[in-house]
Amino acid sequence: MVIRENIKDFNLDHIFDCGQCFRWNKQQNGSYTGIAFGKPVNINFKPYIEGGFEGRLSIDNINEAEFNEHWKTYLDLDKDYGHIKSALAKKDLVLAEAIQSGQGIRILKQEPWETLISFIISQNNNIPRIKKCIEGLCQMFGLPAGSFQERDYFAFPEASVLAQLTENDLAPIKLGYRAKYIIETAKKIVTDNFDSGNKECVDVRLTTLADLRRADIVTGYEYLTSLCGVGPKVANCILLFGMEKYNSFPIDVWVRRVMHRLYHMDESDMKSMTNYASENFGEYGGIAQQYLFYHIRQLEK
DNA sequence: TTCCAGGTGGCAT
DNA sequence: ATGCCACATGGA
């Protein structure tokens, strides 16, 4: 168990229920259990003041070394969201209001390979079903990651495993037409890794994609959109949620909705939406997008 | 029954 | 370069 005090601008529901991740589930006590870096973990947060956004963070089933290696950056704890929020809130009133409804949002730094496949699955799909599909993939093809809280957990399957599957193998998971995309993309990732000459690399999952994380946003976008099943929206999600490209601005049906209803833009004019984001939200456009996404979904409930 | 969900590939202009 | 449309699946 690792504990950190005085964590600011933090709220579990805002972080794990804002559509950026799919393997975290809320527990009866309000904490979230999920799996990342091959290990199931429970994360809890107790605000010092009821309904506040500053408090004590505790992560169960990890040690200090694991916290420093993975979890500190996964939860984006080094970023000053207070500063970002006050800067973004000055941009316009719609965004200021959106920030109010999602004050504890943080952009997770997720594993690129898992983020890639997860967002291929996400297309033309809804969040509960996306979660089911991903769980199915992990249970059938992922390595066992041990038992935790009376449940068995499985890691996200490696590219080398998915690359050898047929659509028939994936049929029980009900991925629909996306099954083909997943196999195609897995094959491409494995091939690219092999071609890079990095044959002694043990972790075949992350070789090319981890390199991409270090590349600039245009290079990342070009490579990702060259993959089967990855278009502009999915590529931007991967760049934002897995590659620290906080200015990428994914436009899905919800963002289109918010840009239409609250910014009075033409619903089909994606170019104007992209331009508005880059001109007004700048380097933190992706974070602004998350506040807007969370906000419009709250309004619909 | 029809509509919808964190869209994209393929094809016709 | 842009505009349609089919694409699997399950819940509302």
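1. Polar contacts come up a lot below, so here is the meaning first: a polar contact is a pair of N or O atoms within 3.5 Å; within protein, one atom must be able to donate a hydrogen and the other to accept it, and residues adjacent in sequence count only if both atoms are side-chain atoms. An example is Asn11, whose side chain reaches the backbone nitrogen of Asp13 at 3.0 Å.

2. Some ground rules. This is a predicted model, in which local features need pLDDT of at least 70 and side-chain atom pairs count only at pLDDT 80 or more, while totals for chains, interfaces and linings use all residues. Residues are numbered from 1 along each chain as its sequence is written, chains are lettered from A and ligands numbered from 1 in the order in which they are written, and side-chain values use heavy atoms, with hydrogens and water left out.

3. On confidence: pLDDT is the predictor's confidence in each residue, from 0 to 100. Chain A has a mean pLDDT of 94, and 95% of its residues reach 70 or more. The stretch to treat separately is residues 199–206, where the pLDDT is below 50; beyond near neighbours in sequence, this stretch has 12 contacts in the model (contact means heavy atoms within 4.5 Å).

4. Back to Asn11. Its place is the loop between strand 1 (2–7) and helix 1 (12–16); helices (H or I, at least four residues) and strands (E, at least two) are DSSP runs, numbered from the N terminus. Asn11 counts as buried because its relative accessibility is 19%, and the cut-offs are under 20% relative accessible area for buried, over 50% for exposed, and partly exposed in between (1.4 Å probe, protein chains only). Setting aside neighbours within four places in sequence, Asn11 is in contact with Phe53 and Gly104.

5. Now the cysteines. Searching the whole structure turns up zero disulfides, a disulfide being a pair of cysteine sulfur atoms within 2.5 Å. For Cys18, the nearest cysteine sulfur is that of Cys21, 6.4 Å away, and Cys18 is in no disulfide. Why is there no bond from Cys133 to Cys138? The closest cysteine sulfur to that of Cys133 is in Cys138, and at 11 Å it is too far for a bond. Both Cys18 and Cys133 are buried, with relative accessibilities of 1% and 3%.

6. Gln290 is worth a look on screen. It sits in helix 15 (residues 285–300) and, at 2% relative accessibility, is buried. Which residues does Gln290 touch, leaving aside neighbours within four places in sequence? They are Cys18, Gln20, Ile105, Ile107 and Phe241. With Cys18 there is a polar link too: a polar atom of the Gln290 side chain lies 3.1 Å from the backbone oxygen of Cys18. Gln290 and Ile99 are 191 residues apart along the chain, yet their C-alpha atoms are separated by 9.1 Å.

7. Helix 15 also holds Arg297. The C-alpha atoms of Arg297 and Cys18 are separated by 8.8 Å, with their positions 279 residues apart along the chain. Not counting residues up to four places away in sequence, Arg297 touches Ile127 and Trp254.

8. DNA strand B next. A residue is near a molecule or strand if one of its heavy atoms lies within 4 Å of it. There are 30 residues around DNA strand B, and those that come nearest are Gly19, Ile127, Tyr177, Arg257 and Gln289. Of the strand B atoms that come within 4 Å of the protein, sugar and phosphate account for 61%. A backbone N or O atom of Gly19 lies 2.3 Å from a base nitrogen of DNA strand B. Phosphate oxygens of DNA strand B are met by a backbone N or O atom of Lys233 at 3.2 Å and by a polar backbone atom of Val230 at 3.5 Å. Helix 12 (232–242), helix 13 (253–261) and helix 15 each give two or more residues to this surface.

9. Finally, DNA strand C, surrounded by Asn124, Asn126, Arg129, Lys132, Lys174, Gly176, Tyr177 and Arg178. Sugar and phosphate make up 65% of the strand C atoms within 4 Å of the protein. Bases are reached by side chains: a polar atom of Arg129 lies 3.1 Å from a base oxygen, and one of Arg178 lies 3.3 Å from a base nitrogen. Tyr177 uses a backbone N or O atom, 3.1 Å from a sugar or linking oxygen of DNA strand C.
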